[in-house]
Amino acid sequence: MAGAGLSRRDGLFILAGVAGAGFVWSGLQLNPEHLYRQLIDQDALAHEFDAAASAVLKETLTGTPLANRYRVNQPPEDGFANVLIFSAKALPQQAAYGGIELKSAGCLFTGSHGLVLIDADFLHDFLPARGFYDGGPVPSAADRLSDAKLLMRWVLGHEIGHLVHGDGCAHFGASRLDSPARDTTLSQARELGADQYFLDHLLLNPDLTVAVADLMMALINTDVRHQLGDSMLPAVGIIDTGTGGRHYRYFAGGSHPEFVIRAARLLELLGNKSGYEGMTAMAASFLRGLKEADR
Ligand SMILES: [Zn+2]
């Protein structure tokens with residue numbers, strides 16, 4: 001993780017240049033405001049998530065010293081939660097901010113200046129790239145955007161948990177979510193704490209809670225189907241992974257894509273809340289199944 005480099009001091013650097021594009025980001029000592037201006041200059045700010053991100057910030061910062069002190073795609077200010085949402089595809093190759101490759105930023109809390117970076121392309125592409133819509137009706141652009149906003153609720157809410165808890169640099173990116181992860185590493189208090197933080201605020205809105213739970217189950221099932229090679233498996237809740245002698249498993253080494261474990265963990269946490277008890281057994285059985293498959 002880039003955390004050590006970030007926390008070293010506030011002097012952050014955009015280190016990368018791009019040949020032939022008539023544009024070089026190099027050696028500039030940076031603060032978030034400089035990054036903001038660079039994103040403006042590159043016409044890379046993405047605004048389709050602005051309203052949804054503001055809603056997440058309003059909800060998740062209530063009751064904290066940062067209540068109502070947030071800025072989305074505006075010049076960052078100290079003493080605020082500053083969220084910059086950009087299209088990584090619009091940036092030059094190798095664009096970086098303090099050691100963080102913006103092309104693979106996903107969603108991350110930088111660990112300083114209350115700065116959270118979100119790659120809008122990550123939000124748009126994550127679900128389709130994992131076959132989320134395969135085997136079903138072609139979703140409208142509006143449906144896809146609405147799913148991407150739900151995904152943003154999860155990843156941004158989680159990162160705000162890190163920010164409020166004073167955690168260092170924390171990353172919620174596609175490559176990380178796809179990398180095999182031992183579930184024991186994810187039980188770190190920090191990660192669970194951030195998910196719990198997100199969930200506690202989400203629960204204030206029952207409709208959204210159900211929508212996020214549905215997304216988590218659909219994400220898990222997408223991956224189960226992918227592993228079992230059958231897009232037609234019926235599912236109510238999480239697919240029963242022991243059915244028909246077929247076993248859903250990932251890597252023999254006992255690790256699983258992080259997003260599957262995170263989604264199941266979130267449902268398990270949700271199951272601790274009154275009214276959502278059904279989630280506990282389902283998610284616990286799913287997680288147990290993953291662990292048993294490792295043996
Ligand atoms: Zn985290």
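Me: How do strand 5 and strand 6 run relative to each other, parallel or antiparallel, and how many bridges join them?
Reply: General idea first: two strands pair if DSSP finds at least two bridges between them. Strands themselves are DSSP runs of E with at least two residues, helices are runs of H or I with at least four, and both are numbered from the N terminus. Here strand 5 and strand 6 run parallel, joined by three bridges. One of the bridge pairs is Val72 with Val83 in strand 6. Before we go on, note that this is a predicted model, where local features need pLDDT of at least 70 and side-chain atom pairs count only at pLDDT 80 or more, while totals for chains, interfaces and linings use all residues. Residues are numbered from 1 along each chain as its sequence is written.

Me: What does strand 6 pair with on top of that, going by strand 10?
Reply: Strand 6 and strand 10 run parallel too, with five bridges between them. Phe86 stands opposite Asp119 in strand 10.

Me: In what order do the strands of the sheet come?
Reply: The order is 5-6-10-9-11, five strands in an open sheet with mixed pairing. Strand 5 (70-72) and strand 11 (170-172) are at the edges with a single partner strand each, so one side of each has no neighbour in the sheet. From one strand to the next, the twist averages 10 degrees. The antiparallel part includes strand 9 (residues 107-109) and strand 11, which share three bridges. There, Cys107 has Phe172 of strand 11 as its bridge partner.

Me: Which way do the side chains of strand 6 point?
Reply: In a regular strand the side chains alternate between the two faces of the sheet. In strand 6, Ala81, Val83 and Ile85 point one way, and Asn82, Leu84 and Phe86 the other way. To read burial, count C-beta atoms placed from the backbone: a residue is buried with 20 or more others within 10 Å of its own, exposed with 12 or fewer, and partly exposed in between. By that count, six of the six residues of strand 6 are buried.

Me: Which helices lie on these strands, for instance across strand 6 and strand 10?
Reply: For the angles, axes are lines fitted to C-alpha atoms, for helices over the stretch in contact, and the angle between N-to-C directions runs from 0 to 180 degrees. Contact between two residues means C-beta atoms, placed from the backbone, within 7 Å. Helix 2 (residues 32-41) lies across strand 6 (81-86) and strand 10 (115-119), at about 25 degrees to strand 6. Helix 4 (residues 120-129) also packs on the sheet, touching strand 6, strand 9 and strand 10, and makes about 45 degrees with the direction of strand 10.

Me: Which residues does Leu123 touch, leaving out those up to four places away in sequence?
Reply: Leu123 lies in helix 4 and touches Phe49, Ile118, Ala148, Leu151 and Met152. With 26 other C-beta atoms within 10 Å, Leu123 is buried. Leu145 is 22 residues away from Leu123 in sequence, yet their C-alpha atoms are 8.8 Å apart.

Me: Which residues have the most contacts inside the largest nonpolar core?
Reply: A nonpolar core is a set of buried Ala, Val, Leu, Ile, Met, Phe, Trp, Tyr and Cys residues joined through C-beta atoms within 7 Å. The largest one here has 73 residues, and Ala53, Val83, Ile85, Leu108 and Val116 have the most contacts inside it. Helix 5 (residues 141-165) gives the most, with nine residues. Domain 1 (1-134) and domain 2 (179-295) both contribute residues, so this core lies between them; the bounds come from an automatic or database domain assignment. Beyond its neighbours within four places in sequence, Ala53 contacts Val72, Val83, Ile85, Met152 and Leu156.

Me: What span should the 25 residues of helix 5 have?
Reply: The expected span is 1.5 Å times one less than the number of residues. For helix 5 that gives 36 Å, and its end C-alpha atoms are 36 Å apart, in agreement. Gly166 follows helix 5 with a positive phi near 70 degrees.

Me: Is Asp43 buried or exposed?
Reply: Asp43 counts as exposed, with 9 C-beta neighbours inside 10 Å. It sits in the loop between helix 2 and helix 3 (50-61), and its phi is positive, near 55 degrees, although Asp43 is a residue other than glycine.
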